[in-house]
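I opened a new structure today and wanted notes on its core, its strand pairing and a few residues. Here is what I looked at.

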Amino acid sequence: YVYGNIIDTAVVAFDLNVTIKGIAYSEKNAGCFISKPMQQRLSRMDGIIVYMFSNIRAKEKDGTLVSLPDFKYQTGFSSEQNNY
């Protein structure tokens with residue numbers, strides 16, 4: 001893989017896999033934004049969500065397409081951890 005400079009690259013496509021309330025969702029995105037339907041699903045978050053980004057493609061300043069490394073990101077909270 002070739003890694004782009006985040007300042008000089010623009011994401012042009014990526015795949016996103018998430019699990020929300022025990023249901024797995026997957027989408028392929030052209031561009032740099034999560035789709036509106038996925039944004040609406042994510043807004044109903046009631047626990048921990050793990051985002052798995054893969055097949056990330058970006059365009060560098062000179063127009064070269066590069067592949068960026070896959071990564072995982074977690075948001076939310078677990079109600080089980082809130083035992084006072």
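These are my entries, in the order I made them.

**Entry: status of the model.** I am working from a predicted model. I keep that in mind throughout.

**Entry: the core.** I started with the largest nonpolar core, which has 13 residues. Which members touch the most others? I found Leu 16, Val 18, Leu 42, Ile 49, Tyr 51 and Phe 53. Next I checked which elements give two or more residues to this core. They are strand S1 (9-20), helix H1 (36-43), strand S3 (49-60) and strand S4 (65-68). S3 supplies the largest share, five residues.

**Entry: Val 18.** I picked Val 18 from the core list for a closer look. I left aside its neighbours within four places in sequence. Val 18 is then in contact with Ile 23, Ala 24, Tyr 25, Met 38, Leu 42, Ile 49, Val 50 and Tyr 51. Among these contacts, Leu 42, Ile 49 and Tyr 51 are also on the list of core residues that touch the most other members.

**Entry: strand pairing.** How do S1 and S3 run, parallel or antiparallel? They are antiparallel, and eight bridges join them. I noted one pair here: Thr 9 has Glu 60 in S3 as its bridge partner. S1 also pairs with strand S2 (residues 23-30). That pairing is antiparallel, with eight bridges. Asn 17 stands opposite Ser 26 in S2.

**Entry: the hairpin.** S1 and S2 form a hairpin with two residues between the strands. I checked the backbone there. Lys 21 takes a positive phi near 50°.

**Entry: Asp 46.** I looked for Asp 46 and found it in the loop between H1 and S3. Is Asp 46 buried or exposed? Its relative accessible area is 51%, and the cut-off for exposed is over 50%, so Asp 46 counts as exposed. I then looked for its contacts, not counting residues up to four places away in sequence. Asp 46 touches Lys 21 and Phe 77. Lys 21 is the hairpin residue with the positive phi. I also checked Asp 46 against Ile 20, 26 residues apart along the chain. Their C-alpha atoms are separated by 8.3 Å.

**Entry: Asn 55.** My last stop was Asn 55, in strand S3. It has a positive phi of about 50° although it is not a glycine. Asn 55 has a relative accessible area of 48%. Exposed needs over 50% and buried needs under 20%, so Asn 55 is partly exposed.

Methods: Residues numbered from 1 in each chain as written. Predicted model: local features only at pLDDT ≥ 70, side-chain atom pairs only at ≥ 80, totals over all residues. Heavy atoms only, no water. Core = buried A, V, L, I, M, F, W, Y, C linked by side-chain atoms within 4.5 Å. Buried < 20%, exposed > 50% of the residue type's maximum accessible area, 1.4 Å probe, protein only. Helix = DSSP H or I, 4+ residues; strand = E, 2+ residues; numbered from the N terminus. Contact = heavy atoms within 4.5 Å. Pairing = 2+ DSSP bridges.
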